[in-house]
Amino acid sequence: MLRIQGVDRSFGDRKVLDDVTFTVERGRLTGFVGGNGAGKTTTMRIILGVLAADRGEVTLDGHPLQPEDRVDFGYMPEERGLYPKMRVAEQIAYLGRLHGLERGVAMDRARDLLDRLGLAERADDPLENLSLGNQQRAQIAAALVHEPRVLVLDEPFSGLDPLAVDVVVGVLAEYAARGVPVLFSSHQLDLVERLCDDLVIIAGGRIAAAGAREELRSAVGSTRYELTTTGDVGWVREVPGVEVVEFDGGYALFEADEAVAHGVLADAVRRAPVKSFTPVRPTLGEIFREVVADAVPEDAR
Amino acid sequence: MSATTTARPPRPSTPRLALMVAEREIVTQVRTKSFIISTAILLAGALVAIVAGALIGGRDDATRVAVVGPVSEVVAQADGLEAVPAANEDAARAMVREGDVTAAVVPDGGVLGFRLVALDEAPGEVVATLSVAPEVELLEPSGTDAGLRYLVAFGFGLVFLMSAAGFGATIAQSTVQEKQSRIVEILLATVPSRALLAGKILGNSALAFGQTAALAAMAVLGLVLTGQDEVLAPLGAPLVWFVGFFLVGFVLLAAMYAASASLVSRLEDVNTVLTPAMMLTMIPYFGVIFFNDNATVLTVLSYVPFSAPVAMPMRMFLGEATWWEPLVALVLLLATCAAVIAAGARIYERSLLRTGPRVRLREALAADA
């Protein structure tokens, strides 16, 4: 388990991380979401030891991280970068060697990975000759060549075509299944929602919410209900404790707590045949907006 | 990616990482067309220059002089003149007119008994040869021929300047390229910045040294092949010292180039930030060439760390340095080198992840980046 504990970080007078605390569990995919400038990249850089924290620490299974531990980390920075003029397989192997692999092993792994990522034919071309999407795949190979024990990926899906997204999703799931803590950030909330087991939401340098996705969904925001009947449901607006969000003849979307909602359902059944009654969990996008809206005003500059 | 879990390799030690970085620098550089071509031109140029020098210098350059009758003895006794017999004075004049000979020596009733005939100006060399010159006593004779002094100063200076400027620029480029392409972030997540800096300096120093050694080998080969190897003898010891000073001096400059380059994020900005390092590279070159006959300035330059690699071997070649002087200069150079590397590593470490506008030197040295 990777734990980030009470991390502060300032650049000059600007505090970009304020008491950031969250965990990345083994065997679970943890999504890291936040607006631009919320502090995602800084947090990841601190986890990787590329930046130092002003306060707080990062621990792996309870031990403070040492530079030697980080040799096992796989990292994909947001600002993508490899050597433009170096051959693809060669530079992936080079990075593998820096992580401690033997020369031959590193080259074999590099070729295997490139093959799996659909780049086998371009393995001996200079990186700059590849299309942007293929460079992105090479970047993923660079993060995985040494079979990392912890994965930290900043926006791994940006710039990937849907096929490549599927490949990467498969790889991440495979790593998580092996018990590797996987932390990744993304702006594509639908993708995060589909993939993640756990969520960390950061806003204005503070952790606005963190936890299992389903728990967050029920904890954040009131649950909404969708009611469709053959009759008119205008009467729902008169029920105490109900706030109707949308209404159209036989359709109503309303917020209420569970007991009130069940009362509404019982009433509806008496009045007209009910076609459907569904609790609507908030989407990640809605959770995100709500959490961030709560967090940001405090930090409004 | 294979499902098998392999034993964890240990983290490579910093020196090993530095060696890997150095290896990549060398392999990448050696593969570039510009490196291959420039090295080939350099080596071929050195060989051509030496062979051409031998051909021009070695040509029988005796001046041809037409002689008439008994005066031919005068010419025969003189060094550097080749007597070309002419039937009579008119024939000799004709040879001068046609340019067959530089001048003609013809009998004359004067004090010397002969007279020179030339085309449109007095033939200085022939006049000097046939004149009686007074003895000259030099109170402070120069140990070494001025032309050779200049040549050696020029040679040492040029080799050092070319290597330092050329490979300094390569180090700077490679530093900025890593910053610009952002791979530096991936590297720093694995490799300590000191290992990165050390590897860069090591790799490029090896290249600079290798290229210079090849150049020297080519020069020696050329001199031996053309039978001019007597020039090599007095160069021996200074050359060994030059090699030693070159190595340390180059590392000093390389650290400066890398640290300077780490302050900027784009290749376009490299030149401005390299100016101080460039100036310090130029000093030994111009200083030693301009002041190669000024003992005081040369002595000072031979202790200043930036010019010592050129000036000290130069003074040794001239026989003006006592045995302990190069040692003192070398210690000074090593100390400066250590200090600059320490400062350079600090700047490098603190600037590598700062992108955007140029990082101010003071910020890089002081603030906790």
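This briefing walks you through a sheet in chain A and a surface patch in chain B. The model is predicted, so please read every value below as computed from that model. In chain A, six strands form an open sheet with mixed pairing. In chain B, five residues, B:Trp323, B:Trp324, B:Leu327, B:Val328 and B:Leu332, make a nonpolar patch on the surface.

**The sheet in chain A**

- Reading across the sheet, the strand order in chain A is β6-β7-β8-β3-β9-β10.
- The edges are taken by β6 (73-76) and β10 (206-212) of chain A. Each of these two has a single partner strand, so one side of each is left without a neighbour in the sheet.
- On average, neighbouring strands of this sheet are turned by 15° against each other, with direction ignored.

**How the strands pair**

- Let's start at the β6 edge: β6(A) and β7(A) run parallel and are paired over four bridges. Here you can find A:Gly74 opposite A:Leu151 of β7(A).
- Moving on, β7(A) is joined to β8(A) by four bridges, and these two strands run parallel. A:Leu151 turns up again in this pairing, standing opposite A:Val182 in β8(A).
- Next, β8 (residues 182-185) of chain A pairs with β3 (residues 29-34) of chain A, in the parallel sense and over four bridges. In this pairing, A:Phe32 has A:Ser185 of β8(A) as its bridge partner.

**A closer look at β7**

- Is β7(A) largely enclosed or left open? Five of its five residues are buried, so β7(A) is largely enclosed by the rest of the structure.
- Try following the directions of its residues: A:Val150, A:Val152 and A:Asp154 point one way from the strand, while A:Leu151 and A:Leu153 point the other way. Residues on both sides are buried.

**Helices lying across the sheet**

- Helix α4 (residues 132-144) of chain A lies across β6 and β7 (150-154) of chain A. Its direction is at about 160° to β6(A).
- Helix α5 (residues 162-177) of chain A lies across β3, β7 and β8 of chain A. This helix runs at about 150° to β8(A).

**The nonpolar patch in chain B**

- The patch made by B:Trp323, B:Trp324, B:Leu327, B:Val328 and B:Leu332 covers about 520 Å².
- To find B:Trp323, look in the loop between α12 (308-317) and α13 (324-351) of chain B.
- Why does B:Trp323 count as exposed? Its relative accessibility is 67%, and exposed means over 50% relative accessible area.

Terms used. Residues numbered from 1 in each chain as written. Chains lettered and ligands numbered in written order. Predicted model: local features only at pLDDT ≥ 70, side-chain atom pairs only at ≥ 80, totals over all residues. Heavy atoms only, no water. Pairing = 2+ DSSP bridges. Axes fitted to C-alpha atoms, helices over the stretch in contact; angles between N-to-C directions. Contact = heavy atoms within 4.5 Å. Patch = residues over 30% accessible without salt bridge, like charges linked within 9 Å, V, L, I, M, F, W, Y side chains within 5 Å. Areas by Shrake-Rupley, 256 points an atom, 1.4 Å probe, with all protein chains shown as cover. Salt bridge = Lys/Arg side-chain N within 4 Å of Asp/Glu carboxyl O. Buried < 20%, exposed > 50% of the residue type's maximum accessible area, 1.4 Å probe, protein only.
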